[in-house]
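Keep your viewer open and a selection box handy. Could you walk me through this one, stop by stop, saying what to select and what is there?

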Amino acid sequence: MAGVAYPVNQVDITPFLIVASLLLVLGISVLAYFFIGKSEEFKELKASFDKMMRSFNELDEQAKLIVKTDLELNKIQEELDRRLIGLNTLQKLARTMSMTLDEQELFQKINQDLATELGFSRALVLAYDENNAMNTRVNIGIDPSKLEHIQSELTVDPQFLNALKNGMTFSSLNSSQKTKARIVQLFETEHFILSPLLTQRGVSGALFVGNRYTSPAVTEGDEEIVAILASQLAQSLENSQLFEQVYSSSRTLETKVNERTKELSHALKDVEEISKKKSEFISAVSHELRTPLTSIKGYASILMTGKVGEIPDAVKERLGKINTHSDNLVKLINDLLDISRIESGRVEMKAEPHAIRPMLDNISDLLTPQLRDKGVTIKLNIPADLPMLEYDDTQLDRVFINLIGNAIKFTPANGIITVNAHPNLERREVVFEVADTGIGINKENLTKLFDEFFRVDNEINMKVKGTGLGLALAKNIVEAHYGHMWVTSEEGHGTTFHFTIPFEHKLKETKKTKKTIGDA
Amino acid sequence: MATHIGIGFSSTSDPVEAFKAAAIEAKTQLNAVHTDLVIIFATSAYANTQGIVTLQRILQPKRLIGSITPGIIFGDRVETRGVGVMAIISDDWHFSTASLDQLNLIPAREAGYSLAQSLLADHKTPQRSTCLYFYDGLRKNGTQFCAGIREELGNALPIVGAIGVDSTKITATHHFYQDRILADAAVGLLIGGASVVSIAARHSWQPLGKPRIIDNSSGNVILSIDKQPAVRLYENYFHAADAILRAEQLEDIRLLYPLGIGTSTPREYLIRMPIDIPDDGSILCQGDVSTGSPVHLMITDKDACRQSIHDAAMDIRTQLFGKQPKFILVFESLMRRKILGRSGIQGIHAIQEVLGHSVPVFGMYTAGEVAPLGTLKTVSRTQLLNGSVVLLAIG
């Protein structure tokens, strides 16, 4: 291969090499210096970076602690919220439960809304009936066709039976594996609580609540709330059952009372009818008796005068007796007639204002001979400021004469008869008392004392004649004045008759009151 | 020209009776024969067709949509069982509604697009104020559905939505549409003519622990975090294996400790509720998650939850310049309900305290909320949220 040769100038390059070498050394030195310096910076940078990474990692470690604490706090908060919601729900439920005593209505309160508010999707209430058989009373979210199977399976589960026996609530938190598996399978729930319904009389049933698999697990707080709910339900059930019993008894009693009242009402009507007929009979008979008696008494009086011829003393004596007995008979008939009129409402009473004291003074005067004969003292304790009363003076006069006359009769010598009067401002009436220091009346007789024709069986009554109509008449007169009469007595110490007369007559508006005796 | 709102509620055990009672209560407040729109929020036991028919007979609504929910929100209370009904008569507003069922047969984005198309087809006026939709809680691709809706309706239209579920277990979901009850479906409402629409969305979650990086994700599935199976994040914090997490603590994870995905705005996080932990160690979220995003475990407390409702209400008030809205719809996260517990109602009270006690408040608990993350200022970023409270005020 042909070539072209070019001439080359021979140049000494040594100085260049020296300079270049020096420059190279200098450059290397500079670079070495630079890199050494940078290396320090890199080191510092790396140290800073490592420090920052350590800080980040420390920050991260702190963050882990924060997450852990925050998670716990959130769980506590959630549990607290659930409890508050549960308690709030229970409080509302307690309020509504307390408003009903109907068992059916009570079970209706355990509904889907309540279960949801408590955080459960299923609920079952089983309750014993009167034949001790367990029945489903509430079913929320459980297939009804499975209930029979659920009941039969539950009632052989030892933990369930034990819970019923000991009144213990248990849940998926603390139940045995076997029971948990059985309940989970039976109710198709993962989380559940079962609580017995405890009453004072024992276990009345059981409450089940549960949640499906996706729901949060139950907590001890849930268990407590469900136990409270079961207790509330049991208490309300017991109350409703007790109420039902009381109500049922009361209904029976009411029916009986009604029947008895009806019977008594009929009887009273009969009695009133009889009484009316009796009064009419007495009235008729009395009238019929009084006419011939008046004739007898009249003829006896004529014979006594001797106008139809002289009569022997013995006959005169007999005629005197006829006269006396006729008078007694007339008095008896008059009393009978008065009572009859009072009872049949045919006596009119004129209530007008009167002071009591003058009337009692007159009566005292009138009875003075008898008092003196018996050696009995009468004391009239009538306050000076006793208000005027509205009464029929003739009738009230008879009452006082009757009571004081009786007192004289039964008070032994040196005895005292006291007539008291004191106002009862609250009841707006005056209370009168006629008290004696006589032989008294036993309790048995006291109750019959105002019966017509009743006379206490004692020595005095055997000696002294009487009709047994006086007290009945007096009582009727007092009652016709809208007052009351009663008697208290202690055998051997004396008897007190009490009666009241109102301040104002109830028919005062009519000014001149015409009160029919017997209206009271 | 006027707008009238009537709200009714019943918790009667019989669903038909409950619908009847709630409808009558709402109708009593309206005092009208027909209604333009009825929105129903009911607990799952009340997903009853006969009930809807009864309600239709009483309120005679031209449009009806609704969703089941674990809890119904009112201004003064929260009900966990029953039927809530809001009936509207308005001369000012126009409503169009649409539904889409058999979601399992359609890709989510396409489904969202299709629903939005139906809404527009039904809308007889060019005025569009806002869109509201309810999506099926058993579907696991809410972000794509939302994107489909947004694609058709445009980023400028305020969109609010909710994922309706029966409970925190998310075992069933139903929606109400006209006289039907739909499963595996979405229903939507387009409102036109409303003079003012304001939306506020707030969450109260704070990051906990060190930040990590999602280094592999696909749609709503986080495959790995920090080059480890995603579930390790939870295993570390809960000291539990993934099987135990899945079996025992998924609900706690889901509701109490969601993931916070970092956004381009500092200290703003998109909350993602894990809905499942599959066997491969990934984490299935309810919304999409981007690869490369920083991720945190998130935590919150009652006070922060309550404060966030107050803040959302204040936000609405600011947007409305103090003017009272005609009504407020509330979409409150189930996660926040779990944290608030019994005190949840205290937060709800804040809405009327801020916006006025006469403003009707009606809402539901959701498994996911759709709203702009933030306020209307970030309207283009309407997306599926978790763990948030969303207020939609219309005036």
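Before the first selection, one term is needed: two strands count as paired if DSSP finds at least two bridges between them. Please also keep in mind that this is a predicted model.

**Stop 1: a hairpin in chain B**

Select strand 14 and strand 15 (residues 221-225) of chain B, which pair in the antiparallel sense over 4 bridges. To see one of these pairings, pick B:Ser217, whose bridge partner in strand 15 of chain B is B:Ile222. Strand 14 and strand 15 of chain B form a hairpin, with 2 residues between them. In the turn, look at B:Gly219, which has a positive phi of about 60 degrees.

Now add strand 21 of chain B to the selection. Strand 14 of chain B runs antiparallel to strand 21 of chain B, and 5 bridges join them. Here B:Leu208 stands opposite B:Leu297 of strand 21.

**Stop 2: where the chains touch**

Keep those strands coloured and bring chain A into view. Which elements of chain B each supply at least two residues of the side that touches chain A? They are strand 14 (206-218), helix 5 (232-238), helix 6 (242-256) and strand 21 (294-299). The contact takes 17 residues from chain B and 20 residues from chain A. If you colour the chain B side by class, you will find 7 nonpolar, 5 polar and 5 charged residues.

**Stop 3: the six-stranded sheet of chain B**

Next, select strands 7, 12, 8, 9, 24 and 25 of chain B. These 6 strands form an open sheet in the order 7-12-8-9-24-25, with mixed pairing. Strand 7 and strand 25 (382-385) of chain B have a single partner strand each, so one side of each is left without a neighbour in the sheet. Going from one strand to the next, the twist averages 15 degrees.

Zoom in on strand 12 (residues 186-192) of chain B. Of its 7 residues, 6 are buried, so strand 12 of chain B is largely enclosed by the rest of the structure. "Buried" here asks for 20 or more other C-beta atoms within 10 Å of the residue's own.

Then look at the partners of strand 12 of chain B:

- Strand 7 (residues 94-100) of chain B pairs with strand 12 of chain B in the antiparallel sense, over 7 bridges. Pick B:Phe95 and its bridge partner B:Ile191.
- Strand 8 (residues 130-136) of chain B also runs antiparallel to strand 12 of chain B, with 5 bridges joining the two. Pick B:Phe134 and its bridge partner B:Val187.

Move on from strand 8 to strand 9 (residues 159-164) of chain B, and the sense is parallel, with 6 bridges. In this pair, B:Asp136 stands opposite B:Gly164.

**Stop 4: two helices on that sheet**

Show helix 3 of chain B, which lies across strand 7, strand 8 and strand 12 of chain B and runs at about 145 degrees to strand 7 of chain B. Then show helix 4 of chain B, which packs on the sheet and touches strand 8, strand 9, strand 12, strand 24 (368-372) and strand 25 of chain B. The direction of helix 4 makes about 160 degrees with that of strand 25 of chain B.

How do these helices meet? The axes of helix 3 (residues 108-122) and helix 4 (residues 142-153) of chain B come within 6 Å and cross at roughly 40 degrees. Helix 3 and helix 4 of chain B are therefore oblique to each other, and the crossing is right-handed. For a close-up, select some of the contact residues, including B:Ala108, B:Gly112 and B:Leu115 of helix 3 and B:Phe145, B:Gly148 and B:Ile149 of helix 4 of chain B. The residues of this contact divide into 10 nonpolar, 4 polar and 4 charged.

**Stop 5: over to chain A**

Finally, switch to chain A, which has 13 helices and 13 strands. Of its 520 residues, 26% count as buried.

Select strands 1 to 5 of chain A: these 5 strands form an open sheet in the order 2-1-5-4-3, with antiparallel pairing. Its edge strands are strand 2 (134-140) and strand 3 (170-171) of chain A. Strand 3 is joined by 2 bridges to strand 4 (residues 191-199) of chain A, and there A:Phe170 has A:Leu194 as its bridge partner. Last, add helix 5 (residues 158-166) of chain A, which packs on the sheet and touches strand 3, strand 4 and strand 5 (202-211) of chain A. The direction of helix 5 makes about 35 degrees with that of strand 4 of chain A.

Definitions and conventions: Residues numbered from 1 in each chain as written. Chains lettered and ligands numbered in written order. Predicted model: local features only at pLDDT ≥ 70, side-chain atom pairs only at ≥ 80, totals over all residues. Axes fitted to C-alpha atoms, helices over the stretch in contact; angles between N-to-C directions. Parallel < 35°, antiparallel > 145°, perpendicular 65-115°, else oblique. Left-handed = near helix turned anticlockwise from the far one by under 90°. Contact = placed C-beta atoms within 7 Å. Nonpolar A, V, L, I, M, F, W, Y, C, P; charged D, E, K, R; others polar. Buried ≥ 20, exposed ≤ 12 C-beta atoms within 10 Å, placed from the backbone.
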